[in-house]
Amino acid sequence: MAVGRRWLSRTVAATLLVLAGTALPAGPAAAVDPDPKFAFDLTSTTAPLGVETKRIHLRFTNLTTDETPTAWQFNVRPTDPDSWEKAAVQWPGPGTDIGECDGEPEHFYCHIAAPAHEGLIPGPGETTEIPLDIRVRVQDEPYEGSFVVTVHAYWAGERSPDVEKTFPLTIVDEAEADLSVLAPDVKQSVQVDADGKLEATGPLNPGETAAVRYQIVNQGRKAVSGVKVTLGLPEGVTFTAPPEECAIDADGRSAVCTYDTLALVPAAEDTDPRDDVHSAVEVHNLVTVPADTKAPVTLQGGTVQVEGLTEEVVAKSDLVRTKLPANAVAVPAADVDASDNQDGFSVVVVAPRSGGDDDGGNGGGGELPITGSPTTLIAGIGVVLLAGGGLMLLLARRRHRLPHA
């Protein structure tokens with residue numbers, strides 16, 4: 001009986017909160033704007049058996065050029081409630097800010113409103129990426145299902161219509177790597193200090209240098225022995241002081257970076273932050289915005305694509321090398337779900353600074369890492385290893401040699 005009362009209480013509370021979350025701001029009822037003014041997508045909904053949790057991201061993009069929503073909301077539910085006994089999509093645990101969420105873990109909504117969650121509301125042309133988790137409950141058989149995501153937003157007192165999409169949810173029996181990449185919009189200018197470290201200095205202005213940052217994670221069951229990254233910058237933005245691992249096109253906007261000594265193991269094997277084995281890495285490349293850029297403006301079209309590499313070698317699995325041997329060649333690694341191997345980003349440029357205002361009127365330096373943890377990055381090309389919840393700087397080209405079973 002206690003369980004029944006608890007379920008009823010949670011259901012009633014969730015219903016009331018959903019109604020509250022979908023209500024318009026105080027004042028007379030406003031008509032629904034027929035133009036939603038936003039787009040959303042969700043990739044990477046295939047996970048391998050043997051992985052209990054896989055992180056995915058809901059991408060919400062503001063399609064306007066001059067408006068910012070006051071709030072937005074998304075609802076997640078299975079198309080077949082019984083099917084989620086095997087696998088489900090859930091909101092992350094405590095410590096991850098994705099708005100005010102309620103409902104059952106597998107049938108829920110999240111309401112995101114300013115000022116409490118202003119950092120999750122995208123400005124004109126910007127994209128916000130909300131983390132969610134695939135939870136694999138049954139580990140002895142593959143699974144195919146689907147779920148529905150419904151999104152609406154509020155614009156100056158008007159509520160957009162609901163936009164609904166159905167996504168597949170698939171669990172496969174594939175013992176391969178599963179890389180994903182996450183690249184946030186670029187909003188901060190940076191500078192290199194006397195020690196060669198990279199620090200944020202405030203909102204990005206015309207003529208200044210910024211850092212394109214992206215996080216690569218292996219959520220599969222097999223390691224990769226190297227990573228190839230292909231980057232494209234928005235029109236006008238160019239790479240600054242590219243590292244030796246990167247080949248830059250003549251226009252300065254395209255780069256192919258091959259980190260053939262960077263191994264990423266499955267997340268389940270990344271248990272000791274003090275060793276040389278890592279499942280995730282955060283990289284940055286310096287870029288410059290032209291001085292004649294007319295701001296404020298959001299420069300769109302940036303892309304980051306990653307590809308895992310393996311080696312065709314016959315050698316002991318515990319060898320440590322700093323480069324490929326003469327009789328080896330790096331080849332693309334199999335990937336359980338390649339839909340999340342690419343992410344887009346925009347470069348947000350604010351109006352030029354004037355007088356004694358050193359931060360463009362929008363505050364000082366921000367937090368550089370995608371993870372939200374304050375840290376400094378190595379200039380030119382920075383690699384931050386993420387292991388066991390901690391951060392480690394990769395200061396030398398090194399790799400822990402891995403088995404290819």
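Which cysteine forms a disulfide with Cys-246, and how many Å apart are their sulfur atoms? The partner is Cys-257, and the sulfur atoms of the two residues are 2.0 Å apart. The structure is a predicted model, and the sections below treat its disulfides, its strand pairing and its salt bridges in turn.

## Disulfides

The count of disulfides comes to two. When the bonded cysteines of the protein chain are numbered in sequence order, the pairing reads 1-2, 3-4. A disulfide is a covalent bond between the sulfur atoms of two cysteines.

In the link between Cys-246 and Cys-257, the angle about the S-S bond is 105°, and the link is right-handed. Cys-246 lies in strand β18 (residues 246-248) and Cys-257 in strand β19 (residues 254-259), so this disulfide ties together parts of the chain that are 11 residues apart in sequence. Cys-246 is buried, with a relative accessible area of 11%, and Cys-257 is buried as well, its relative accessible area being 0%.

Cys-101 and Cys-110 are joined by a disulfide, with an S to S distance of 1.9 Å. The torsion about the S-S bond of Cys-101 and Cys-110 is about 110°, so this disulfide is right-handed. Here the two residues fall into separate exposure classes: Cys-101 counts as partly exposed, because its relative accessibility is 21% and the class of buried residues ends under 20%, whereas Cys-110 is buried, with a relative accessible area of 0%.

## Strand pairing

Four strands form an open sheet in the order β1-β3-β8-β5, and their pairing is antiparallel. The edges of this sheet are strand β1 (38-42) and strand β5 (87-90), each of which pairs on one side only. From one strand to the next, the twist averages 25°. Within the order given, β3 and β8 pair in the antiparallel sense over nine bridges, and Leu-58 has Ile-130, in β8, as its bridge partner.

Strand β11 takes part in further pairing. Strand β2 (residues 46-48) is joined to β11 by three bridges, and these two strands run parallel; the bridge partner of Thr-46 in β11 is Thr-170. Strand β9 (residues 143-155) is joined to β11 by nine bridges, and in this case the strands run antiparallel. The bridge partner of Val-151 in β11 is Val-163.

## Salt bridges

The structure holds 11 salt bridges, of which three are described here, together with a network. Side chains of opposite charge can pair when their charged atoms come close.

The side chains of Lys-54 and Asp-178 meet in a salt bridge, with an N to O distance of 2.7 Å. This pair links distant parts of the chain, since Lys-54 is in strand β3 (residues 53-62) and Asp-178 is in the loop between β11 (163-172) and β12 (179-182), 124 residues apart. Both Lys-54 and Asp-178 are buried. Lys-54 and Asp-178 also belong, with Asp-337, to a network of linked salt bridges.

A salt bridge is also formed where the side chains of Lys-187 and Glu-126 meet, at 2.9 Å from N to O. Lys-187 lies in the loop between β12 and β13 (188-192), and Glu-126 lies in the loop between β7 (107-113) and β8 (127-136), so the pair ties together parts that are 61 residues apart in sequence. Lys-187, at 38% relative accessibility, counts as partly exposed, whereas Glu-126, at 10%, counts as buried.

The side chains of Arg-221 and Asp-173 likewise meet in a salt bridge, at an N to O distance of 3.6 Å. Because Arg-221 lies in the loop between β15 (209-218) and β16 (226-232) while Asp-173 lies in the loop between β11 and β12, the pair ties together parts that are 48 residues apart in sequence. Arg-221 counts as partly exposed at 35% relative accessibility, and Asp-173 counts as exposed at 56%.

Methods:
Residues numbered from 1 in each chain as written. Predicted model: local features only at pLDDT ≥ 70, side-chain atom pairs only at ≥ 80, totals over all residues. Heavy atoms only, no water. Salt bridge = Lys/Arg side-chain N within 4 Å of Asp/Glu carboxyl O. Buried < 20%, exposed > 50% of the residue type's maximum accessible area, 1.4 Å probe, protein only. Pairing = 2+ DSSP bridges. Axes fitted to C-alpha atoms, helices over the stretch in contact; angles between N-to-C directions. Disulfide = S-S within 2.5 Å.
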